[in-house]
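Notebook open, model loaded. I want to go through a few residues and then the ligand site.

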Amino acid sequence: MEHRTLGNTGLSVPVIGMGTWKTFDVQGSAAIGNARAVVDAALQGGANFFDSSPMYGQAEYVLGEALRGRRDQALVATKVWTQTKRDGQEQIRRALQYFGGRVDLYQVHNLVNWREHLATLEQLRDAGQVRAIGATHYDSSAFGELRQVMQTGRITAIQIPYNPVEREVEQEILSLAADLGLGVVVMRPFAQQALMQHQPTPKELEPLKAFGVTTWGQALLKWILSDPRCHIAIPATTSPARMAENAAAGEPPWFGQQERDYVARLATGRK
Ligand SMILES: NC(=O)c1ccc[n+]([C@@H]2O[C@H](COP(=O)([O-])OP(=O)(O)OC[C@H]3O[C@@H](n4cnc5c(N)ncnc54)[C@H](OP(=O)(O)O)[C@@H]3O)[C@@H](O)[C@H]2O)c1
């Protein structure tokens with residue numbers, strides 16, 4: 001697994017990590033056991049960066065359980081997502097309990113009340129409980145405000161959507177992040193399920209074999225990571241086998257412009 005420095009956070013991260021939206025919002029011992037098996041596959045594949053949020057129901061708790069006894073092997077990214085400072089402090093208190101008293105990357109989810117939450121997170125960073133602070137947004141209509149937050153100098157990483165059918169970050173966000181030295185975490189590498197609905201044939205994937213690509217998911221992950229401004233992609237899955245498949249995309253060689261254009265054409269049906 002290739003590692004990249006997540007911008008000015010200074011964290012060395014694997015290029016493939018894992019998200020937990022929907023997939024880890026589960027209850028009961030069988031489902032929690034499956035979540036643990038997905039984390040097993042992630043750790044075995046070197047994809048030891050895990051992203052969560054209090055917005056994802058039980059996911060933070062389930063991730064904490066799945067990491068029980070092996071928190072030291074993981075990098076944990078989670079978020080604060082609530083309107084008030086006081087509720088944010090309560091969310092953070094709970095999350096720190098799940099994750100052994102420390103979080104590697106704490107993000108303000110969808111920029112909700114970011115000014116007050118950043119102040120709380122800065123205190124925790126100074127106290128050594130948070131290693132780096134970031135901000136996320138999934139919707140390009142909020143990218144103006146995201147740029148404003150990026151320019152405050154108070155965050156060292158962003159989390160944004162990027163895949164062949166959601167390319168708005170190419171307009172300003174990725175170049176600004178590179179100029180400011182911010183880490184870039186890529187959410188929604190498969191546009192949730194959308195990019196998996198119509199998959200290319202094995203014959204269409206054939207030209208990508210020399211890049212170690214054997215599945216459509218790997219082609220999409222390599223498409224993202226072949227842009228060096230992106231440091232890590234965090235696909236979510238309920239399947240240990242798919243987690244292993246996704247982790248296997250985290251090795252060079254990376255695509256050139258020609259392969260990126262080819263994958264984009266496959267994704268948009270413009271063959
Ligand atoms: N505002 C925010 O901060 C924000 C917003 C959105 C997402 N995120 C983060 O980004 C993470 C990723 O985004 P996402 O979960 O929305 O979408 P995603 O990762 O683009 O897609 C997830 C879906 O892809 C499927 N999948 C995964 N690997 C696959 C493979 N190899 N082949 C075929 N299908 C595969 C999964 O289904 P199976 O379970 O059946 O494999 C799952 O339904 C989230 O989990 C979350 O941590 C953050």
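I started with N110: is it buried or exposed? N110 comes out at a relative accessible area of 17%, and because the cut-off for buried is under 20%, N110 counts as buried. This is a predicted model, so I read every value below as computed from it. I placed N110 in the loop between β5 (103–108) and α4 (114–126). I also looked up its backbone: N110 has a positive phi of about 50 degrees, although it is not a glycine. N110 turned up again when I checked the ligand, since it is listed among the closest residues there.

Next entry, another positive phi. Q192 has phi near 55 degrees, and Q192 is not a glycine either. I found Q192 in the loop between β8 (183–187) and α7 (202–205). Its relative accessibility is 36%, so Q192 goes down as partly exposed.

Then the ligand itself. How many residues surround the ligand? I noted 27, with D51, N110, F190, T237 and T238 the closest. By type, the shell splits into 11 nonpolar, 11 polar and 5 charged residues. Helix α9 (residues 240–247) gives the largest share of that shell, 3 residues. I checked the pockets too: the ligand takes up the space of the largest one.

For polar contacts I went through the ligand's oxygen atoms. One is 3.2 Å from a polar backbone atom of T20. A polar backbone atom of A191 is 3.5 Å from a ligand oxygen. With Q193 the side chain does the job: one of its polar atoms lies 3.2 Å from an oxygen of the ligand. I then looked up the cover: of the 900 Å² of accessible area that the ligand has on its own, the protein covers 90%.

On to R71. I located R71 in the loop between α2 (59–66) and β4 (75–80). R71 is a charged residue, yet I have it as buried, with a relative accessible area of 11%. What does the side chain of R71 reach? I noted the backbone oxygen of A74 at 2.9 Å and the backbone oxygen of F99 at 3.0 Å.

Last entry, a peptide bond. The bond from P252 to P253 is cis, and I wrote down omega near 10 degrees. P253 sits in the loop between α9 and α10 (257–268). Helix α9 was already in my notes for its share of the ligand shell.

Definitions and conventions
Residues are numbered from 1 along each chain as its sequence is written. This is a predicted model: local features need pLDDT of at least 70, side-chain atom pairs count only at pLDDT 80 or more; totals for chains, interfaces and linings use all residues. Side-chain values use heavy atoms; hydrogens and water are left out. A residue is near a molecule or strand if one of its heavy atoms lies within 4 Å of it. A polar contact is a pair of N or O atoms within 3.5 Å; within protein, one must be able to donate a hydrogen and the other to accept it, and residues adjacent in sequence count only if both atoms are side-chain atoms. Accessible areas come from the Shrake-Rupley method with a 1.4 Å probe; for residues, only the protein chains shown count as cover. On a 1 Å grid over the protein atoms alone, a cavity is a set of points where a 1.4 Å probe fits but cannot get out, and a pocket is an open set with protein on both sides within 12 Å along at least five of seven lines; lining residues have an atom within 4 Å of a point. A molecule sits in a cavity or pocket if more than half of its atoms lie within 2 Å of its grid points. Helices (H or I, at least four residues) and strands (E, at least two) are DSSP runs, numbered from the N terminus. Buried means under 20% relative accessible area, exposed over 50%, partly exposed in between (1.4 Å probe, protein chains only).
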